[in-house]
Structure formats: C-alpha cells, structure tokens
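Thanks for coming, everyone. Let me put the structure up, and then we can walk through it together.

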Amino acid sequence: MVVSKASPPVTCSDSTINLEKGDPLVFGKYWKKKSDECSVVIQGWEFLSYLSDTSNVCWYMLPELKGAIQRLHHVVGNAVTQDKYIVIGTGSTQLFMAALFALSPSQTPDHPINVVSAAPHYSEYKPEIDVLRSAVVQWAGDAGVYDKNEPYIEVVNYPNNPDGTIRGPVVKSAAKGNLVHDLAYYWPQYTPITHQADHDVMLFTFSKCTGHAGSRIGWAIVKDIEIAKKMTRFVHLGSHGVAKESQARAAKIMGAICDDYQKFESIESELFFGYCKNILRERWEKLKGAIEKSKVFTLTKYPRAYCNFANESFETYPAFAWLKCEEGIENGESYMGKLKIRARGGPGFGVGPNYVRLTMIGMDDDFNELLKRLSMLSAIQISNSS
Ligand code: PMP
C-alpha cells in the first residue's frame, strides 16, 4: 500500500465517526449520576397558558427560570445580570435573530444593516441570516476586514466557536455599530472565568452550559429595555413564547447546579463544572499528544489564565478542536473523510479549506476512535521514516 501524508491510508474498515456537530453528549455522564435530583414532573393541568408573568418584559418566561438564570450567573460570576433584562428564546439561535431584529431600524433602510463577525466565525451566523432574505439585515462576512462606512452589527463570540480564542470587537469603521456578544461557551468547564461580562446584548444557551441542547433554551441579558421588548416581540411573533416544560426543566437543573455549589461540604471535582472541566482537560491532553505525533495538523495554543470561579489557573479547553493542516494537505475536511471522520471544514467558518473543526464534546466512543485513527497517521510517519 502506498501511503503519504497528503493522502492517508483508507484502512478504516469501521464505520464513519461523526465529529462534525457540537452535540454536547459528553455531559450526559454527569447527569446520569444526578437523575433523581433533576427529574421534573409536570401534571396534566399545568402550563396551559401562553402567559407566565405579565409584569415582566419577557411575559412568557417562568419566574423560576428567571431566578435560576440570575442565580447561576451569580454563582459562576461570568455575567452581570443586575439592572438588566432577561429574554428567553427557543435556543440562543432564536435570540440571535431576535437581537438582529431588535438592533435594526424599524423602517426598511436604504441598505440592509451589515452583520459581521471576525473569521473564523461560528458557521451558522451566515446561513441563519441568509435564510431570512431580509431587506433589513444582511451577512457581510469577516469583521476583521470590514471597511464600509455603513451601519453594522458585529457579533463577538468568546471563547470563539470554532477556535476557542477570547476576543473583543475588531471593526474599525466611522459608521454606527452595535455589538452582540455570543457567550455560549463562557462557562468554567471550557475557559477560565476572568471577568463578569457586562455587554449591551449577551447571548447564552442551556445547550452548551449544561449540555441540555434538546431542551432548546437560550437566554439574552440585555441592558436596554427597548431592545429587550423588541427581542420579546420577535419571539412572540415567531413562536408565541417558549415551551414551559423546557423552562421548568432548565430552572430545575440550574437550581441543582447552584444548590451543589452552595453546599458546604462540596468537592469541586464532583460538582458540575469541575467534573466536566476534568473530562475536557483529559480529552484535550490526549488529543494534543495524538495531533503532535501525527505531524499532519497543528492546534491553536491557548494561554493560561486565572479562573475567579475555580480559584486556579488553567488553559481554555474549547468545545471544538480547530486543526490547521500542515503544508501539502489542502483540504482538511476531505482528509478527515478519508479517515472516515466527518468534520466541518474551514470555508463554513469564513477561512480556507486547510482548517477543519472537530467536536470535543461528543461521545467517549467516538472520541477514542478519533485518537485511534490519528495514531494510525503517526504509525505511518514512523514506518515512512524508518
Ligand atoms: N452560538 C454558538 C457559538 C454556538 O456554538 C451555538 C450552538 N452550536 C449557538 C449559538 C446556538 O445554540 P442553541 O442550541 O441555543 O440554539
């Protein structure tokens, strides 16, 4: 068999492993241990109404969910909620669109507002905007090269999906701009909590905080009441609110995390964030070793920082591995394909095909299989050089 770095051997007789999506199944291990404490029973007569609390801007939000979100941020110390408005959505995906709607002019402008984010950026921002075919907002690509003198919205995502970097706004334009901070991964299993985020519009998601992506709960923390009202109106018109069954579950689970942290005798490594950080740390250490030996890819290097929540310094352990191909490999996604690994290539994130993203938060079996297939590459390097 002829083997070369540019073309891996197709010896994987096993099935394809799918590391393309960010399905947070790795956290299931923790929740299995907590099954009883986190169960929610909903009686047949409950949750008939569309309404929850008509005195709140976000009238469909259960008061217990609002309280649980505030409490969780207070315990973790990752975002300021005081004197802010909370708006919930069906995932933060819905709230992203709600934020664009709320930050755009109410009359159709002469030119649609440009929405930008520094590349590599989350691959769904562009399609989520394109699908609207809107005359009010349009996707305008990489914030790093935006030089139009036209109003814009910059989406800042930190730690960034796909590359795990901590970022700030980058647009340099004399025109008026608004910021949306997507903080889906600003939780202490992924990255040190170095500050309390305090931005005008911040998006969070239950999917990446606790791993309950199937409940489809996201929340926005918003400074300006008018923006919060418009975001609420968007969710009202799109889905008449958010399922209360999901809200009740999210409130219960957030409450259980906080209760554990506030118990006197708690052991950090057995609590949600510490337990999950240890899993991610272990995976990252194994992956770094395998990538280094493969000599086919390189990984982003992450600085250490002090985490105010965990009271220790550590590196970021992103939810995704962002691999750069070594010279001679032009297309990371198709290279992975030959190893029967489904991955997402650079172009979706606004960069070249020599980058590729793999999930780090999938099932153990898939992750272990990834390590096995990467180790085949290093075996080839060794046999080629001997
Ligand atoms: N923003 C980022 C950066 C994400 O990675 C995701 C999930 N992949 C979302 C937003 C959307 O999350 P949700 O499941 O709440 O819609």
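Start with Pro159. Pro159 sits in the loop that runs between strand β5, residues 152-157, and strand β6, residues 177-182. Keep in mind that this is a predicted model. The peptide bond leading from Tyr158 into Pro159 is cis. Its omega is near -15°.

There is another cis bond to look at. This one joins Ala119 and Pro120, with omega at about -5°. Where is Pro120? Pro120 is in the loop between β3, residues 113-117, and helix α4, residues 125-130. Why point these bonds out? Because most peptide bonds are trans.

Now stay with the backbone, but turn to phi. Most residues other than glycine have a negative phi. Arg133 has a positive one, near 45°. Find Arg133 in the loop between α4 and β4, where β4 covers 137-142. Is Arg133 buried or exposed? Arg133 is exposed, because its relative accessible area is 79% and the cut-off for exposed is over 50%.

Lys295 also has a positive phi, near 55°. Look for Lys295 in the loop between helix α8, residues 272-294, and strand β9, residues 297-299. Lys295 is exposed too, with a relative accessible area of 51%.

Next, the ligand. Where does it sit? The ligand is in the largest pocket. How many residues surround the ligand? There are 13. The closest are Ser92, Thr93, Asp182, Tyr185 and Thr205.

What kinds of residue make up that shell? The split is 3 nonpolar, 7 polar and 3 charged. Which helices should you look at? Both α3, residues 91-102, and α5, residues 206-209, supply at least two shell residues each. Helix α3 gives the most, with 3 residues.

Now zoom in on the polar contacts. Take Ser207. An N or O atom in the Ser207 side chain is 2.7 Å from an oxygen atom of the ligand. Then Arg216. A polar atom of the Arg216 side chain lies 2.8 Å from a ligand oxygen. Then Tyr122. Here the partner is a nitrogen atom of the ligand, 3.2 Å from an N or O atom in the Tyr122 side chain. How much of the ligand is covered by the protein? On its own, the ligand has 400 Å² of accessible area, and the protein covers 90% of that.

Let's move on to helix α7. This helix spans residues 244-262, and Ser246 is in it. Ser246 counts as buried, because its relative accessibility is 16% and buried means under 20%. What does the side chain of Ser246 reach? It reaches the backbone oxygen of Ser215, at 2.9 Å.

Further along α7 we come to Arg249. Arg249 is partly exposed, at 35% relative accessibility. Now compare sequence and space. Arg249 and Val41 are 208 residues apart in sequence. In space, their C-alpha atoms are 9.2 Å apart.

Ile257 is in α7 as well. Ile257 is buried, with a relative accessible area of 3%. How far is Ile257 from Glu369? Along the chain they are 112 residues apart, and their C-alpha atoms are separated by 31 Å.

Two more stops. Arg357 is in strand β15, residues 355-359. Is Arg357 buried or exposed? Arg357 is buried, because its relative accessible area is 2%, and buried means under 20%. Ala321 is 36 residues away from Arg357 along the chain. Their C-alpha atoms are separated by 5.7 Å.

Last one: Lys148. Lys148 lies in the loop between β4 and β5. At 36% relative accessibility, Lys148 is partly exposed. Its partner for distance is Pro318, 170 residues apart in sequence. The C-alpha to C-alpha distance between Lys148 and Pro318 is 32 Å.

So, what to take back to your screens? Find the cis bonds into Pro159 and Pro120. Then go to the ligand in the largest pocket, and pick out Ser207, Arg216 and Tyr122 around it. That's my tour. Thank you.

Note on methods
Residues numbered from 1 in each chain as written. Predicted model: local features only at pLDDT ≥ 70, side-chain atom pairs only at ≥ 80, totals over all residues. Heavy atoms only, no water. Near = heavy atom within 4 Å. Polar contact = N/O pair within 3.5 Å; in protein donor to acceptor, adjacent residues only side chain to side chain. Areas by Shrake-Rupley, 256 points an atom, 1.4 Å probe, with all protein chains shown as cover. 1 Å grid on protein atoms, 1.4 Å probe; cavity = no way out; pocket = protein on both sides within 12 Å on 5 of 7 lines; lining within 4 Å. Sits in = over half its atoms within 2 Å of the grid points. Helix = DSSP H or I, 4+ residues; strand = E, 2+ residues; numbered from the N terminus. Nonpolar A, V, L, I, M, F, W, Y, C, P; charged D, E, K, R; others polar. Buried < 20%, exposed > 50% of the residue type's maximum accessible area, 1.4 Å probe, protein only.
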